[in-house]
Amino acid sequence: VEVLKVLETVKESEICTTVLVRTASGHWSSLSPGQFVMVWIPGIDEVPMSVSSLEGDPPIIGITVQGIGEATNALCRLRTGDRIGIRGPYGRGFDLALPKGSTVVGVSGGVGSASTVLAMERARELGYRTVNLVGARSSSLLVFAERFIRNSDLTIVATDDGSRGHSGYVTDLLPEVLSSEKRPVIISCGPEVMMRKVMEIADEASVRCQLSLERYMKCGVGLCDSCSMSGRRVCQDGPVFDISEVRELSEFASSHRDRSGRSVPIGECVR
Ligand SMILES: Cc1cc2nc3c(=O)[nH]c(=O)nc-3n(C[C@H](O)[C@H](O)[C@H](O)COP(=O)(O)OP(=O)(O)OC[C@H]3O[C@@H](n4cnc5c(N)ncnc54)[C@H](O)[C@@H]3O)c2cc1C
Ligand code: FES
């Protein structure tokens with residue numbers, strides 16, 4: 001674990017905050033978008049987080065946190081100079097070695113943008129056309145909408161309550177985007193009900209799709225089995241899975257394991 005000082009915190013939405021830390025070792029530069037880190041909050045817990053920004057060498061890492069419980073609320077309360085521990089990077093990120101001429105279509109819901117934003121920016125740097133569909137329940141909960149607009153070829157915003165952009169779900173707009181873009185490939189992260197819809201639309205259009213999944217994690221490195229999902233370990237085999245793999249995961253969008261390993265049904269929204 002690298003214990004690092006918080007450089008800065010940035011409020012991203014009503015309920016999300018980005019915490020920036022300067023790493024001390026060069027190995028972080030090899031992190032691929034979609035991989036995650038385990039973040040230790042002294043005296044509280046250690047939780048998995050996506051990396052939403054990576055700049056410099058050794059890089060300044062950003063994690064973007066939605067406060068939903070003890071650890072995430074503690075992360076949202078951090079101030080410049082506080083210390084947290086980080087280990088990683090872990091898991092399998094998004095596969096961005098795509099056929100030439102592909103259009104990468106990002107579909108992000110709520111804090112799911114924290115997992116897709118870096119991948120979408122990397123995809124554009126690699127020369128692909130990038131189109132982002134970004135959604136949230138309302139405009140005050142959108143995460144990285146401005147950053148997506150700035151750094152991609154086309155960004156479409158949707159809110160459930162119509163307070164910004166399309167009134168409805170991001171997935172309402174996906175079929176049209178897929179039919180109007182050349183060689184689309186989808187990458188997505190958000191509530192599982194949203195990703196299930198993304199998967200159905202991708203299947204119907206025969207478009208390749210990668211989903212970033214989330215399960216309760218303790219070790220982050222394949223040892224404890226707490227992140228098990230229909231026989232796969234999300235921390236090591238994922239968190240990014242191709243839809244051909246997700247089809248085999250019967251627990252997807254149906255159940256997850258709690259802290260004690262008990263299987264519980266997934267409600268309307270995972271977080
Ligand atoms: C690979 C990966 C990347 C992640 N990236 C981010 C990120 O970038 N930003 C972010 O804000 N969060 C991210 N998360 C989720 C984050 O790790 C959890 O929200 C956090 O661990 C909750 O800890 P807590 O102590 O705050 O809440 P707890 O008190 O542990 O939980 C609060 C409530 O949320 C439920 N819950 C917690 N974790 C999960 C889960 N994984 N699946 C379903 N229900 C859950 C609990 O059952 C409980 O009801 C990621 C998770 C994974 C696996
Ligand atoms: S978190 Fe321990 S095996 Fe995945």
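## Strands 3 and 4

Methionine 38 has proline 48 of strand 4 as its bridge partner, in a model that is predicted rather than determined by experiment. The pairing to which this bridge belongs joins strand 3 (residues 36-41) to strand 4 in the antiparallel sense, over six bridges. The two strands form a hairpin with three residues between them, and in this hairpin glycine 43 takes a positive phi near 80°.

## The open sheet

Seven strands make up an open sheet with antiparallel pairing, and their order across the sheet is 4-3-7-1-2-6-5. Strand 4 (45-50) and strand 5 (53-56) stand at the edges with a single partner strand each, so that one side of each is left without a neighbour in the sheet. From one strand to the next, the twist averages 35°.

Toward the strand 5 edge, strand 2 (residues 16-22) and strand 6 (residues 59-66) run antiparallel and are joined by seven bridges, with leucine 20 standing opposite glycine 62 of strand 6. Strand 6 also pairs with strand 5 in the antiparallel sense, here over four bridges, and glutamate 55 stands opposite isoleucine 60 of strand 6. Strand 5 and strand 6 form a hairpin in which two residues lie between the strands.

## Helix 2 against the sheet

Helix 2 packs on the sheet, where it touches strand 4, strand 5 and strand 6, and its direction makes about 50° with that of strand 5. The helix comprises 13 residues (residues 113-125), which at 1.5 Å a residue should span 18 Å, and the separation of its end C-alpha atoms, 18 Å, agrees with this expectation.

Ten of the 13 residues of helix 2 are buried, so the helix is largely enclosed by the rest of the structure. The buried residues are Ser113, Ala114, Ser115, Thr116, Val117, Leu118, Ala119, Met120, Glu121 and Ala123. In an α-helix there are 3.6 residues a turn, so residues three or four places apart point the same way. After helix 2 comes glycine 127, which has a positive phi near 100°.

## Surroundings of ligand 1

There are 24 residues around ligand 1, and those that come nearest are Pro48, Thr64, Gln66, Thr72 and Arg259. Proline 48 is also the residue of strand 4 that partners methionine 38.

Polar atoms of the protein approach ligand 1 from both backbone and side chain, as three pairs illustrate. On the backbone side, a polar atom of threonine 64 is 2.8 Å from a nitrogen atom of the ligand, while a backbone N or O atom of glycine 69 lies 3.3 Å from an oxygen atom of ligand 1. From a side chain, an N or O atom of threonine 72 is 2.5 Å from an oxygen atom of ligand 1.

## Two loop residues

Serine 138 lies in the loop between strand 9 (129-136) and helix 3 (145-151). Its relative accessibility is 14%, and because buried means under 20%, serine 138 counts as buried. Once its neighbours within four places in sequence are left aside, serine 138 is in contact with Thr159, Asp161 and Ser163.

Proline 99 is placed in the loop between strand 7 (83-90) and strand 8 (103-109). When residues up to four places away in sequence are not counted, proline 99 touches Tyr128 and Arg183. Threonine 159, which is in contact with serine 138, is 60 residues from proline 99 along the chain, and the C-alpha atoms of proline 99 and threonine 159 are separated by 32 Å.

Conventions: Residues numbered from 1 in each chain as written. Chains lettered and ligands numbered in written order. Predicted model: local features only at pLDDT ≥ 70, side-chain atom pairs only at ≥ 80, totals over all residues. Heavy atoms only, no water. Expected span 1.5 Å × (residues − 1). Buried < 20%, exposed > 50% of the residue type's maximum accessible area, 1.4 Å probe, protein only. Pairing = 2+ DSSP bridges. Axes fitted to C-alpha atoms, helices over the stretch in contact; angles between N-to-C directions. Contact = heavy atoms within 4.5 Å. Near = heavy atom within 4 Å. Polar contact = N/O pair within 3.5 Å; in protein donor to acceptor, adjacent residues only side chain to side chain.
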